Amino acid sequence: MWHTHLHEGKTITDNFMQRELKYDIAKGIAIILVIVGHGHCISPLTLSFIYSFHMPLFFIIAGVFYHERGIKESVRMDFRRLMIPYFVFAALAAMKFSVSKGILQGDIQAVIDCITAMCWMSATGHHSLLFSDIPTVGIIWFLPTLFVCKNLYNILLRRMTNDRHKLMLVCILTSIAGVAVDILVNLPFGILTGCGALVFYMAGNMLKTYKPTYAILAIGGSIWLACIFTSFLSMGSNRYGCYPLDVIEALAATILMVRLSDKIGKSRVGEYLAWMGRNSMVVLCMHFVTILVDPNTR
């Protein structure tokens, strides 16, 4: 059954693997940029280029593979896949600081800050009136944010058939999340960053049926180039320098990166990048460990 022939001599299996491969390669490129973006001596322009699309790409591609599930099933599966690794690596951070700061240096406040960050699940860079000084948990903010984003989408939007209504709801939630982070309160558990990521997740889901034309991609690419020089997007702190242009450019950049990945295909470089993409969550968590051990060795 899996080897039923298609036109041009391809099989269903070959066609499916090729479709999967380009997304794995794109995620491989993005996870490498995550590591590079956390290094020292990165120029502001390079950092703006990296941040313009590297984290949105993961949410957009996740949206491409969205399938409607029952609420309990979705929560259970994503908790096992996303939240259990989060708690494991967050606990490693707490143990590390308990030993290095609490026991060896007697700095109990550092241990309290680490446990607070682990429970709050917040990234850095918040400027809200309340709880903006909560310590950051680091790069693993991505895991609870994706958990919230996926399940919120599944709960609120899975039964909505009108794309216009979906878009309106997502824009409202994303805007409220942005205002809340910047002005009101930095909520725990990845709630606000998860709401902010909804627009990317929904865009990925819509890409399954909508294919942008070359003209639209050219416009989006131009906006991407302009935003690299004039704006700055940070999903971790849910901040956008020029919303909604930052959303448009991140989407255009992701589409172009996926198309580039499709061209790389099954080359040696493509195979390496695809491996990185398939194991991007492992790479993310191990990158967190290397920063945790000694931030000065980045």
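Contact here means heavy atoms within 4.5 Å. Keep that in mind as you look around this predicted model. A good place to begin is helix H8 (residues 191–206), whose axis comes within 8 Å of the axis of H6 and sits 6 Å from the axis of H3. Beyond the helix pairs, a search of the whole structure turns up two salt bridges, and there are a few backbone oddities to visit too.

**Where H6 meets H8**

- The axes of H6 and H8 come within 8 Å and cross at roughly 60°, so H6 counts as oblique to H8.
- The crossing of H6 past H8 is right-handed.
- On the H6 side, the residues that touch H8 are Thr145, Val148, Cys149, Lys150, Leu152 and Tyr153.
- Across from them, H8 brings in Ile191, Thr193, Gly194, Cys195, Ala197, Leu198, Tyr201, Met202 and Asn205.
- Sorted by class, the contact of H6 with H8 has 10 nonpolar, four polar and one charged residues.

**H3 and its two partners**

- H3 packs against H8 at an angle of about 45°, with the axes 6 Å apart, and this makes H3 oblique to H8.
- H3 also passes H8 in a right-handed crossing.
- In this contact, Pro56, Phe59, Ile60, Ala62, Gly63 and Val64 of H3 meet Ala197, Phe200, Tyr201, Gly204 and Asn205 of H8.
- That contact of H3 with H8 splits into eight nonpolar, three polar and no charged residues.
- With H10 (residues 245–264), helix H3 (residues 54–64) has an axis approach within 9 Å and a crossing of roughly 75°, so H3 is roughly perpendicular to H10.
- Here Pro56, Leu57, Ile60 and Ile61 from H3 meet Ala250, Leu251, Thr254, Met257 and Val258 from H10.
- The contact of H3 with H10 has eight nonpolar residues, one polar and no charged.

**Two buried residues to click on**

- Which residues does Phe200 touch, leaving aside its neighbours within four places in sequence? The list is Pro56, Phe59, Ile60, Leu233, Met235, Tyr240, Val247 and Ala250.
- Phe200 lies in helix H8 and counts as buried because its relative accessibility is 1%.
- For a sense of distance, the C-alpha atoms of Phe200 and Ala110 are separated by 35 Å, with their positions 90 residues apart along the chain.
- Ser280 belongs to helix H12 (residues 280–293) and is buried too, with a relative accessible area of 10%.
- Setting aside neighbours within four places in sequence, Ser280 is in contact with Ile31 and Phe58.

**The salt bridges**

- Side chains of opposite charge can pair when their charged atoms come close.
- Asp78 pairs with Lys150 in a salt bridge whose closest N and O atoms are 3.1 Å apart.
- This pair links distant parts of the chain, with Asp78 in helix H4 (residues 71–103) and Lys150 in helix H6 (residues 142–157), 72 residues apart.
- Are Asp78 and Lys150 buried or exposed? Both are buried.
- Arg278 forms a salt bridge with Asp24, and their closest N and O atoms are 3.8 Å apart.
- Arg278 is in helix H11 (residues 268–278) and Asp24 in helix H1 (residues 12–37), so the pair links parts of the chain 254 residues apart.
- Asp24 counts as buried because its relative accessibility is 11%, under the 20% cut-off.

**Backbone oddities**

- Most residues other than glycine have a negative phi, and most peptide bonds are trans.
- The peptide bond from Tyr243 to Pro244 is cis, with omega near 10°.
- You'll find Pro244 in the loop between strand S2 (239–240) and H10.
- Met121 isn't a glycine, yet its phi is positive at about 65°.
- The loop between helix H5 (108–120) and H6 holds Met121, which counts as buried at 8% relative accessibility.
- Phe189 has a positive phi as well, near 65°, and is a residue other than glycine.
- Look for Phe189 in the loop between helix H7 (163–184) and H8, where Phe189 counts as partly exposed at 46% relative accessibility.

Note on methods:
Residues numbered from 1 in each chain as written. Predicted model: local features only at pLDDT ≥ 70, side-chain atom pairs only at ≥ 80, totals over all residues. Heavy atoms only, no water. Salt bridge = Lys/Arg side-chain N within 4 Å of Asp/Glu carboxyl O. Helix = DSSP H or I, 4+ residues; strand = E, 2+ residues; numbered from the N terminus. Buried < 20%, exposed > 50% of the residue type's maximum accessible area, 1.4 Å probe, protein only. Axes fitted to C-alpha atoms, helices over the stretch in contact; angles between N-to-C directions. Parallel < 35°, antiparallel > 145°, perpendicular 65-115°, else oblique. Left-handed = near helix turned anticlockwise from the far one by under 90°. Nonpolar A, V, L, I, M, F, W, Y, C, P; charged D, E, K, R; others polar.
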